[in-house]
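Reader: I would like to go through this structure and ask what the labels rest on. Please show it.

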Amino acid sequence: MILTMLVCFAFSISVAVSIGLAAMLGIGVFSDANLFELPRQAFIAIDKFPLVAIPFFILAGNLMENGGISRRLVDFAKSIVGGVQGGLPMTCVLTCMIFAAVSGSSVATTFAIGAILIPALIKHGYPRNWAAALQATSAELGVVIPPSIPMILFGVSAEVSIGEMFIAGFGPGVLIGGALMLFVYLYCRWQGWGRQDGDGKLPIATALQDVGALAGGLAAFWLGNRVVGAWWAAGMSEQDVDRITDLTGVLLAAGYFVVLMLMPRMRAALLARSTFALLMPVIILGGIYGGVFTPTEASVVAVFYALLVGIFIYREVRPRDVLEVLKKSVVSSAVIMFIIANAGVFAWLIDRAGVPEQIGMWLRGTLQSPELFLLGVNAALFAIGMFIETSAAIIVLAPILVPVAVHFGIDPVHFGIVMVVNLALGMITPPFGVNLFAACTVARTSVDQIVSRLVPFVAVVLGCLMVVTYVPTLSLFLRDLLYR
């Protein structure tokens, strides 16, 4: 089966079809199962409620790109870091970090942010291939900072809490983002690039005003939730209290923004800047960790918020544009779901053959300590990630590796973060790095022209991966604070 996949890869057959053909061969030749088991297991693989979040997060990311939210996030990030030498590449990294807090997809992040910043980087004198490499690497944060589609897949495959996976992703995401920003700042100083990066940027006071307006909305929500709502719901049942306090907080925050929009000068400022764009990740992540809605429900909330802001507030999404956005999102979602379905059949076959137990026994006997196990797994995942799509690799490998990690005393949430960060590197490494293809499409260049520019970026992320691997507190501190 593995040989079949490798041969298919050599003939440039897509990952999903390669896995499906290998699974079909396994059922038809090496298994005593009926071939009708193929569609049955494929359906079982995608018949999981948390997977509903995937198409909705993809749709939310596309709506953000078309609705003006992405551009305003770029303006916000540029007003903070754009004034220093190398500020524009730093803006790219920072914007991807913010955008990642909603989209959950690195490819969506590449297209949404790259369409704005790659032309800007080229215009400011940065080499085209370096700009594409920077964007591809920065967009990797789309699957490290929650919400994240690979984290959802890991949670489903390994039966780990998706909420815990999400909260554990913040530390590694901030570490990688900060390391990339420091690297591009020092690199641009060394190369002498970016002395004019501050041209056209908004003053930092505008970013502070946006944050101030957002803080006012959060204060209004807190007042409604903790004071007005608590007073109103006094004496009611616990369930009614939660419902009333949440509703009161939302209504008071909404009223605050309505009042601001009724003031002409404030309305003009809010429409031109990023307050409503910044409010999106606050609503999504605040709702998840505040217990208002689940990660799956959050994906639907993200779609409706992006649609509301794009059509009625920023007015950059026309009704006829929605159909095109839906088509684009359906195609992207179908590709991922097809991979999940075929990988599910493949995983069922290897489980039926007893491969996970055999690999587990071999790993326990060969790698005698958690440190050696993590090192060996990281090396293997790095190589696998170059050839197999991240979603497929997680679905196939998570059920195999997680029991072994638990045997060595490794927290499954921490191990999941290590897997996601490592396999995310496969999105920026040849020959099948999806971020590379997306960034090259936007930059109008070829993959072979940016490979040499990728090496230092990959080295930075690999260094961060080692920290994430051997300092579990970085991933588990917030998880333990909220869930223990």
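Reader: Is Asp 210 buried or exposed, and what makes it so?

Author: A word beforehand: this is a predicted model. Asp 210 has a relative accessible area of 3%. Buried means under 20%, so Asp 210 is buried.

Reader: Which residue does the side chain of Asp 210 meet in a salt bridge, and how do you know that it is one?

Author: The partner is Arg 273, with N and O 3.1 Å apart. The limit for a salt bridge is within 4 Å, and therefore the contact between Arg 273 and Asp 210 counts. The pair links distant parts of the chain: Asp 210 belongs to helix 12, while Arg 273 sits in the loop between helix 14 and helix 15, 63 residues apart. Arg 273, with a relative accessible area of 18%, is under the 20% limit and so is buried.

Reader: Where do Arg 40 and Glu 37 lie?

Author: Both are in helix 3 (residues 37-46), 3 residues apart, which is about one turn of the helix. Their side chains form a salt bridge at 2.6 Å, N to O.

Reader: Why is Arg 40 called partly exposed?

Author: Its relative accessibility is 48%. Exposed needs over 50% and buried needs under 20%, so Arg 40 falls in between and is partly exposed. Glu 37 is at 17%, and therefore it is buried.

Reader: What joins Glu 164, Asp 411, Arg 479 and Asp 480?

Author: Take one pair to begin with: Asp 480 forms a salt bridge with Arg 479, the closest N and O atoms being 2.8 Å apart. Salt bridges that share partners join Glu 164, Asp 411, Arg 479 and Asp 480 into one network. Arg 479 has a relative accessible area of 2% and is therefore buried, whereas Asp 480, at 33%, counts as partly exposed. A search of the whole structure finds 8 salt bridges.

Reader: What makes helix 8 oblique to helix 22?

Author: The axes of helix 8 (residues 128-139) and helix 22 (residues 434-443) cross at roughly 140° and come within 9 Å. Roughly antiparallel would need an angle over 145 degrees, and roughly perpendicular covers 65 to 115; the angle fits neither, so helix 8 is oblique to helix 22. Their crossing is right-handed.

Reader: What is the phi of Glu 159, and where does Glu 159 lie?

Author: Phi of Glu 159 is near 55°, a positive value in a residue other than glycine. Glu 159 lies in the loop between helix 9 and helix 10. Its relative accessibility is 76%, over the 50% limit, so Glu 159 counts as exposed. Arg 315 also has a phi near 55°, and its place is the loop between helix 16 and helix 17. With a relative accessible area of 61%, Arg 315 is therefore exposed.

Reader: How do you know that the peptide bond from Pro 146 to Pro 147 is cis?

Author: Omega is near -5° for that bond, and the bond is cis. Pro 147 is in the loop between helix 8 and helix 9.

Reader: Which residues make the nonpolar surface patch?

Author: Leu 3, Val 7, Phe 11, Ile 13, Val 17, Leu 21, Met 24, Leu 35 and Phe 338 make a patch of about 820 Å². Helix 1 and helix 2 are the elements that give two or more residues to this patch, and helix 2 gives the most, with 3. Phe 338 lies in helix 17. Its relative accessible area is 43%, so Phe 338 is partly exposed.

Note on methods
Residues are numbered from 1 along each chain as its sequence is written. This is a predicted model: local features need pLDDT of at least 70, side-chain atom pairs count only at pLDDT 80 or more; totals for chains, interfaces and linings use all residues. Side-chain values use heavy atoms; hydrogens and water are left out. Patches are made of residues with over 30% relative accessible area and no salt bridge: like charges are joined within 9 Å, nonpolar side chains (Val, Leu, Ile, Met, Phe, Trp, Tyr) within 5 Å. Accessible areas come from the Shrake-Rupley method with a 1.4 Å probe; for residues, only the protein chains shown count as cover. Helices (H or I, at least four residues) and strands (E, at least two) are DSSP runs, numbered from the N terminus. Buried means under 20% relative accessible area, exposed over 50%, partly exposed in between (1.4 Å probe, protein chains only). Axes are lines fitted to C-alpha atoms, for helices over the stretch in contact, and angles run from 0 to 180 degrees between N-to-C directions. Angles under 35 degrees count as roughly parallel, over 145 as roughly antiparallel, 65 to 115 as roughly perpendicular and the rest as oblique. A crossing is left-handed if the near helix is turned anticlockwise from the far one by less than a right angle, and right-handed if clockwise.
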